[in-house]
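Got the viewer open? Let's take a short walk through this one, a stop at a time.

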Amino acid sequence: MASDSVSHPGFLAALAQELLDQYGSQLSEVRILFPNRRAGLVFRHELARLAGKALWAPRIDTLSAWLQSLHPLPLADTLLLLELLWEGTDQADSLEAFTPIGLRLLADFADMDMALANPQEAFATAGLSYADPGAREAFDNPLAQRYAHWLAQAAALYTHLQNRLRSMGYTSEGQLLRDIAMDPGAYMPAAARIPTWLAGFDQLNRAETRVTDWLASQHLLHTRWDVDSWYTLPPAEGMAARRAGDSFRRLWQSHPVLAPQQPVPGRLSLQSSELHTYPLSSAIAQVSALAQVLQERLTYWQQTLPDSDALEQQLRRIAIVLPDESLLVPLLEHLPPALTHCNITMGYPARHSVLFALLEAWVRLQEAYRPGEGFYHAHLAQVLSHPLLLSHRPDLYRNLYQHYIRKNNIHYWHPPAHSQSDDLLAVLLDHAQSANEALLQLRHLYDRLHELVREQGELRDAFHREFLNLLHNRLNQLEALVERQPHLRPADVRGLLLRLLAAQRIPFSGEPLGGVQIMGLLETRALQFEEVYILSANEGHLPPGHRPQGSLLPQVRRQLGMSGPGETEAQYSYLFWRLLQGVPQVHIFHVTEMDETGGGEPSRFLRQITLDWALVNPHLKLHTHLFNQQVMAARPLTLTPQEEDVASLLAHPEPGTGPPYVRLSPTSLVSYLRCPLQFWFQYVQRLQPTEEVTEDPDARQFGSLVHKALELLYSPCKGQLLQAQDLQRLQAPAAVEQALQSAAAAEWQVMGQTDSGRLVLLLEVAREMVAGVLRLDEARVPFTLTGLETNLSHEWTEQLPGRDAPLNIVLTGWADRLDTLPGGVVIWDYKTGKVQERDLRAGTPADLTAAEERGSRTKDKALQTLLYGWLWWKMYGELPYQAGVITLRSSPPQAYTLSLPFDLPTLTQAETTLRELVREILAPGRTFAQTDDLQVCKYCHYNRICQRNPSVRTKP
């Protein structure tokens, strides 16, 4: 391990020694303010270590907590702020619908308060900026446009909110800062006027600066900045890394009383450090590489350190920094087993929790409920297939969907009486008629979920335990809201709960002074480590992309003295370089594959290391490490069932006394050939892909819309011999428009809302697709329309090794359309994705499942159409004439048929190939490995579970 050529104690240790030397036994009469609680905790530990005896500790706090303690009014929670703000509007929107706009307004109000800006002038300036055509183009989305509409009322809303808060005895965080900053002496009693040390900060807003100026005027202020002269001195030409000192130079120039009171150290130019960089292909590869490096280091320490206490001391000097918070869970799963404990400083977004996913699916289910019809099947499937529920009652939840909905092709469903036998299911399938009923239902749901995770022994899990605590607190706030607003709708209660939870972070528990420290970059302020591991050192993560909470334009923010993208970049530059001060060992991991969030482009900080830091520090040693990433990724991305064979996991018991059976489909077989792990997630574990009802439908929902519109158009013609005039009649604009509107209402739940720009565009594209199919069919008449959305299925038995009895296999699929020509039936499958004629070419049926064809999308359509033809033959004993695809994406749409003939030898060989494939899937000990084709991962619903980059771009 490299050693520091110039010995420097850590910032907090040096500060503790300075205070001991200056105040001694009078430390209790000193106040010390830090940017976060972790710094205060470590400082207290360092103080006790250096003192070596019991003493009265100084008053240690964060600046924000100390200022809050000075104000007589408590802070209002976010829900109360939203409610009071909404009261000041015309209330044309419901409270839930107003929430996105309200949150943006509240963020802007807080920023203006902290900048001590005049709201009247600020929003007048903002309104002029939004009127600029360039600004409108930059904010060309419905939410920003709606926000611009509120700007005219924003100043009045700000005044209304402050008046209502005062009348209720509350304040907001921004207003609290403004109040104290405008007259600090009035809020600080004489007894509280003691020496105050401001330590380890990286920036101060205008309100905080005004308070510190007042403390300095009273000769009470001492400042200690954890900085380095290399970046705080005026930058030399081309020294981009010194952006880290921008905020300090501006602050010290405008407020000389805050300037450093002692020489700024220059350790970055002198320290002896080893910096290791790891370029890796994907996010999960970073985690695997980190685990391998940590294991090597751990092995070295176990061999060289004298005992376990020394090892523990070494581990607590390690920090793992995650600019990309989504890597937290994979990291915890990959850490070496010998790292028995670690401390997680960063919070984890509640929206990534398993329980949040269940609540979100349940809210969608409730919102799509139709009186007299019941619950929508797609949303019901998401709830019933949730892993937590399946682990609770797999027999009940799985069979409800399979036997009562899917088997009978039910779109809207009323639960049967026996579903009430399970308390949790009874709560899930209840439907509230009022806000109070909705709140009571949520209380019952909370109780059932608490019991569920406790029964399963998972209550100790941090995610579940802490999420349930958050849920309980939010329900208490909603209860107070419903008491004040009894006319709220049930949808408001459910929607508000989701929005509030989505903005929360799940805190972790651990020993703050023990074990490896896992944290975000902001949490590292003022802390000192001997080894630092930084993941996701890519643009977009380090520094993060600019995602402001509010909607004030950057030029408005600059004019009002608020922070903007430039200040955020400077802040993260400081945090990065400060973290490296005095660190002997630095390990930085970054992704090399290009993606839409910055992956593939190394962080500018990495370039600054080689272009700036290495030039001024001769003691810096740079190392680049290359890993065999395929070997690394194979371990966590391959699954082999251990306790049960796949056939048992897939099997469904027949209602009554029937034998179990395995249900497969052409789509599931294609999924297996494309990626066995994808098949495992979707069809074995039944993790259903998310189907959202949104204002901006995705590709899957768009395809459903076109399919539904064509089905509605053709339904009156079923069983008829169609001629040219029939197709011309179907092409009438009124007929097409009615079908599209009805399909949009059924698939998107937006009837009467199809006038937004996004939906208008999508409907126009769908209109062209539908019209193109009608013109295509007009050129193919005459034909008889035999069927629409027709189920094709066949059942047979397979004797599998290790099973006493044969297993029934059911292959089932849905044909979009059946046409009958003089030569026989033609089976059509609509495709909104890209299809070319070569995709329907094949030499033999065996070619479609050959090893060299797996893991790609090239033979998917050919295999599906072949299996549809085989199912028709097995069901009706007659050979189909043709089977093919109508590709809607082509302009105009095209019809392609399978190149294989539908004769007896071909279908017999297809059956042999099919049964071999089924036996392969169901074989005991079968391994489900991840595909090597990253293009498949790009469009996979489960790429987050695999940690494969969903936006990876590969060369054609």
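First stop: select residues 377-384, which make up helix 18; how many of the residues of this helix are buried? The count is 8 of the 8, so helix 18 is largely enclosed by the rest of the structure. Keep in mind as you look that this is a predicted model. Click along the helix and you'll pass the buried residues His377, Ala378, His379 and Leu380, then Ala381, Gln382, Val383 and Leu384, buried as well.

Stay on Leu384 and add Tyr397 to your selection: these two touch. Leaving aside residues up to four places away in sequence, Tyr397 also touches Leu389, Leu390 and His392, along with Asp422, Leu424, Leu425 and Leu428.

Tyr397 is a good doorway to the next stop, the largest nonpolar core, which has 113 residues. Tyr397 is among those with the most contacts inside this core, together with Phe109, Ile320, Leu478 and Ile518. Now colour helix 14, residues 283-304: this helix gives the core its largest share, 10 residues. Apart from this core lies another one, of 78 residues. To find that one, select Phe34, Ala39, Met188 and Leu215, which are among its members.

Finally, zoom out and show the whole protein. You're looking at 39 helices and 25 strands. Of the 956 residues, 54% count as buried. Switch on the surface: the accessible part comes to about 41,100 Å², and 51% of that belongs to carbon and sulfur atoms. And if you trace contacts between residues at least 6 apart in sequence, 78% of them join residues at least 24 apart.

Key: Residues numbered from 1 in each chain as written. Predicted model: local features only at pLDDT ≥ 70, side-chain atom pairs only at ≥ 80, totals over all residues. Heavy atoms only, no water. Helix = DSSP H or I, 4+ residues; strand = E, 2+ residues; numbered from the N terminus. Buried < 20%, exposed > 50% of the residue type's maximum accessible area, 1.4 Å probe, protein only. Contact = heavy atoms within 4.5 Å. Areas by Shrake-Rupley, 256 points an atom, 1.4 Å probe, with all protein chains shown as cover. Core = buried A, V, L, I, M, F, W, Y, C linked by side-chain atoms within 4.5 Å.
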